[in-house]
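I opened this notebook to record what I looked up in one protein model. The entries follow the order in which I checked each topic.

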Amino acid sequence: MYGYLFASFVVGSAFGPYLMGLAFERLHSYEPALWSFGVFMLLASAVILCLGPYRYPVEDKTRVNGERAVDIPATERA
């Protein structure tokens, strides 16, 4: 999932300036391109909100041998 999000960021960073220049060249204004980018941003935000809650449970931070077990995964604790 992160790979797709990062790939869309990279593609947007690559084509965004080109599309802004193209919009200014043809329409003599950046406004239509900025409005369309705003719509796409709202759409992307809505898609991210639909992902749902985080799947993995929070690991408990119990003490092991009198020390706080922060770096020990829950599966390795005895």
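**Entry 1: the pocket.** I began with the lining of the largest pocket, to which α1 gives the most, with ten residues. I noted that the model is a predicted one. I then asked which elements each supply at least two residues of this lining. I found that α1 and α2 both do so. The space in the largest pocket came to about 590 Å³. Its lining counts 18 residues, and I listed those closest to the centre as S8, F9, G12, F40 and A44.

**Entry 2: the overall layout.** I looked up the elements and found two helices and two strands in the protein chain. Reading along the sequence, I wrote the pattern down as α-α-β-β.

**Entry 3: confidence.** I recorded a mean pLDDT of 81 for the protein chain. I also noted that 74% of its residues reach 70 or more. Which element has the highest mean pLDDT, and which the lowest? I found the highest value, 91, in helix α2 (residues 31-49), and the lowest, 58, in strand β1 (residues 63-64).

**Entry 4: burial and surface.** I checked how much of the protein chain is buried: buried residues make up 8% of its 78 residues. The chain exposes about 7400 Å², and I noted that carbon and sulfur atoms supply 67% of this area.

**Entry 5: a nonpolar patch.** I next searched the surface for nonpolar side chains. I found a nonpolar patch formed by V11, F15, Y18, L19, F24, Y30, L34, F37, F40, L43 and V47, with about 1100 Å² of accessible area together. The elements that give two or more residues to the patch are α1 (2-27) and α2. I singled out V47, which is found in helix α2. Is V47 buried or exposed? I classed V47 as exposed because its relative accessible area is 52%, and the cut-off for exposed is over 50%.

**Entry 6: the loop between the helices.** I turned to H28, which is found in the loop between α1 and α2. Its phi is positive, about 60°, although H28 is not a glycine. I wrote down the general rule for comparison: most residues other than glycine have a negative phi. I also looked up the accessibility of H28; the value is 64%, so H28 counts as exposed.

**Entry 7: a pair distant in sequence.** Finally I examined L5, found in helix α1. Its relative accessibility is 39%, so L5 counts as partly exposed. I asked how far apart L5 and A44 are in sequence and in space. They are 39 residues apart in sequence, and I recorded 9.5 Å between their C-alpha atoms. I had already met A44 in Entry 1, among the residues closest to the centre of the largest pocket.

How values were computed:
Residues numbered from 1 in each chain as written. Predicted model: local features only at pLDDT ≥ 70, side-chain atom pairs only at ≥ 80, totals over all residues. Heavy atoms only, no water. pLDDT = per-residue confidence, 0-100. Helix = DSSP H or I, 4+ residues; strand = E, 2+ residues; numbered from the N terminus. Patch = residues over 30% accessible without salt bridge, like charges linked within 9 Å, V, L, I, M, F, W, Y side chains within 5 Å. Areas by Shrake-Rupley, 256 points an atom, 1.4 Å probe, with all protein chains shown as cover. Salt bridge = Lys/Arg side-chain N within 4 Å of Asp/Glu carboxyl O. Buried < 20%, exposed > 50% of the residue type's maximum accessible area, 1.4 Å probe, protein only. 1 Å grid on protein atoms, 1.4 Å probe; cavity = no way out; pocket = protein on both sides within 12 Å on 5 of 7 lines; lining within 4 Å. Points joined across faces, edges and corners; volume = space filled by probe spheres on them.
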